[in-house]
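Colleague: I should like a close look at a single part of this model, followed by an account of how the rest of the chain is arranged. Please begin with the surroundings of one residue and proceed from there.

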Amino acid sequence: MSYSIGLVGKPSVGKSTFFNAATMNDVPEGAYPFTTIDPSVGEAYVRVECAAPEFGETCTPSVGYCDDGTRFVPVKLVDVAGLIPGAHEGKGLGNQFLSDLNEADVLVHVVDFSGKTDSKGEQTEGHDPRDDIDFLEDELDQWYLGVLEKGIERFETKYHGADATIETDLAEQMSAFRTNEDEIKQIILAEGLDLDPETWDAADRESLAREIRKRTKPMVIAANKIDDPAAAANFEDVTADPDYDHLTFVPTSAHAEKALKTAEEAGQIDYTPGADDFELLDDVSAEQEAGLEQIRSLLDEFGGTGVQSSLEAALFDALDLIAVFPGSDDGSTSEKGVFRDCFLLPAGSTTQDFANHIHTDLGDGLLHGIDCRSSRQIGGGHELDDRDVIELVTTT
């Protein structure tokens, strides 16, 4: 599980239900604040079309599983606790919240789009989901701003040689956010700022912190409780608002996904996570059947419950990852199994990056790669495409 998704949200919006639905773990669920105190960690999955059928093979995954040609690749899902006003100042569980949050590569923010939980997670009516979206982004922006200010202070107060640059000090100060000098410099210039912090006013610093946050901690909004009529109306309204064009929204019903997986485990239905329908296999009570048919209507309207789609939007849209299969030129078999592995890499990754990702020894000894579909030799600098099947030829 090379990537980690942080699940965030205010109390009582269905975050723990989402986590349980995605992982089928049993963490407490409840409509009261701080159901989650410590972060829960589980294994979730994202779907990739398996390459094995193209080679006339049936895969034998070393991790995850394959269901009728769909590969379910494991990812780490962390249910992060402690989002309250002032978290960036350490209030409540703030310090723990930020520490746990920083371990995530991408965030899924679970928001109650029905508008029936207020800013404290208590029951209400007519709450605007925008307030929750803004609240989390503002907390993160203030957190980033605090770290940015320390980097600026470091640059302005320490002795510098002739080659000193603001991007170097900011990159070192903000290294926990997995950024670097080149990215920091690019963002500064993209914001229309000079590479001299003395020319930046308070608004410039806030804007810079916000942009660094967007680049290094991308976010997907899981618009939860979408089966509520008020949620559907709010979803249409918010997604049409240009102020939120930088975010990806997924209509979601975590409760429906959990119900389907529970019924599937009980042998009552045949359901594949993320599917837009299911098959009834066993007799159920009239009440259960009515509930399942309501969920079927939801699947038909939205193309799924949104839980699976939220995870995939986080990795494949927000992080822009691709899937790559290691193989061999004669059909990707090996003595250890067939299509055992499927790795997730950033878009733009090369053959060399792929070798390094698997093992540094492979990267150090890389001679070239082979595209197993075309049997064409490719160099270390060749940029890979999604679902490529690549054999690595190395001195090791």
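**A residue and its chain**

Modeller: In this predicted model, Asp270 is in contact with Glu264, Phe278, Glu279 and Leu281, once its neighbours within four places in sequence are left aside. Asp270 itself belongs to strand 8, which covers residues 269–270. With a relative accessible area of 40%, Asp270 is partly exposed, because that class lies between the limit of 20% for buried and that of 50% for exposed residues. A further distance helps to place the strand: the C-alpha atom of Asp270 is separated by 9.0 Å from that of Leu260, a residue 10 positions away along the chain.

Turning to the chain as a whole, its secondary structure comprises 12 helices and 16 strands. The chain has 396 residues, of which 49% count as buried. Among contacts with a separation of 6 or more, 67% join residues that are 24 or more positions apart.

The nonpolar interior may be taken next. The largest nonpolar core holds 55 residues, and Phe113, Ile133, Leu148 and Phe249 are those with the most contacts inside it. Helix 3, residues 129–157, gives the most to this core, contributing 11 residues. Apart from this core lies another, of 38 residues, which includes Val48, Leu77, Leu315 and Val338. Ile133 merits a separate description: leaving aside neighbours within four places in sequence, its contacts are His109, Val111, Phe113, Ile221, Val238, Tyr244, Leu247 and Phe249. Two of these partners, Phe113 and Phe249, are also named among the residues with the most contacts inside the largest core.

A pair of helices completes the account. Helix 4 (residues 166–173) and helix 5 (residues 181–190) have axes that come within 8 Å and cross at roughly 120 degrees. The two helices are therefore oblique to each other, since an angle of 65 to 115 degrees would count as roughly perpendicular and one over 145 as roughly antiparallel. Their crossing is right-handed. On the side of helix 4, the contact is made by Ile166, Glu167, Thr168, Leu170 and Ala171, and on the side of helix 5 by Glu181, Ile184, Lys185 and Ile188. Sorted by class, the residues of this contact are five nonpolar, one polar and three charged.

Conventions:
Residues are numbered from 1 along each chain as its sequence is written. This is a predicted model: local features need pLDDT of at least 70, side-chain atom pairs count only at pLDDT 80 or more; totals for chains, interfaces and linings use all residues. Side-chain values use heavy atoms; hydrogens and water are left out. A nonpolar core is a set of buried Ala, Val, Leu, Ile, Met, Phe, Trp, Tyr and Cys residues joined through side-chain atoms within 4.5 Å. Buried means under 20% relative accessible area, exposed over 50%, partly exposed in between (1.4 Å probe, protein chains only). Helices (H or I, at least four residues) and strands (E, at least two) are DSSP runs, numbered from the N terminus. Contact means heavy atoms within 4.5 Å. Axes are lines fitted to C-alpha atoms, for helices over the stretch in contact, and angles run from 0 to 180 degrees between N-to-C directions. Angles under 35 degrees count as roughly parallel, over 145 as roughly antiparallel, 65 to 115 as roughly perpendicular and the rest as oblique. A crossing is left-handed if the near helix is turned anticlockwise from the far one by less than a right angle, and right-handed if clockwise. Ala, Val, Leu, Ile, Met, Phe, Trp, Tyr, Cys and Pro count as nonpolar, Asp, Glu, Lys and Arg as charged, and the others, Gly among them, as polar.
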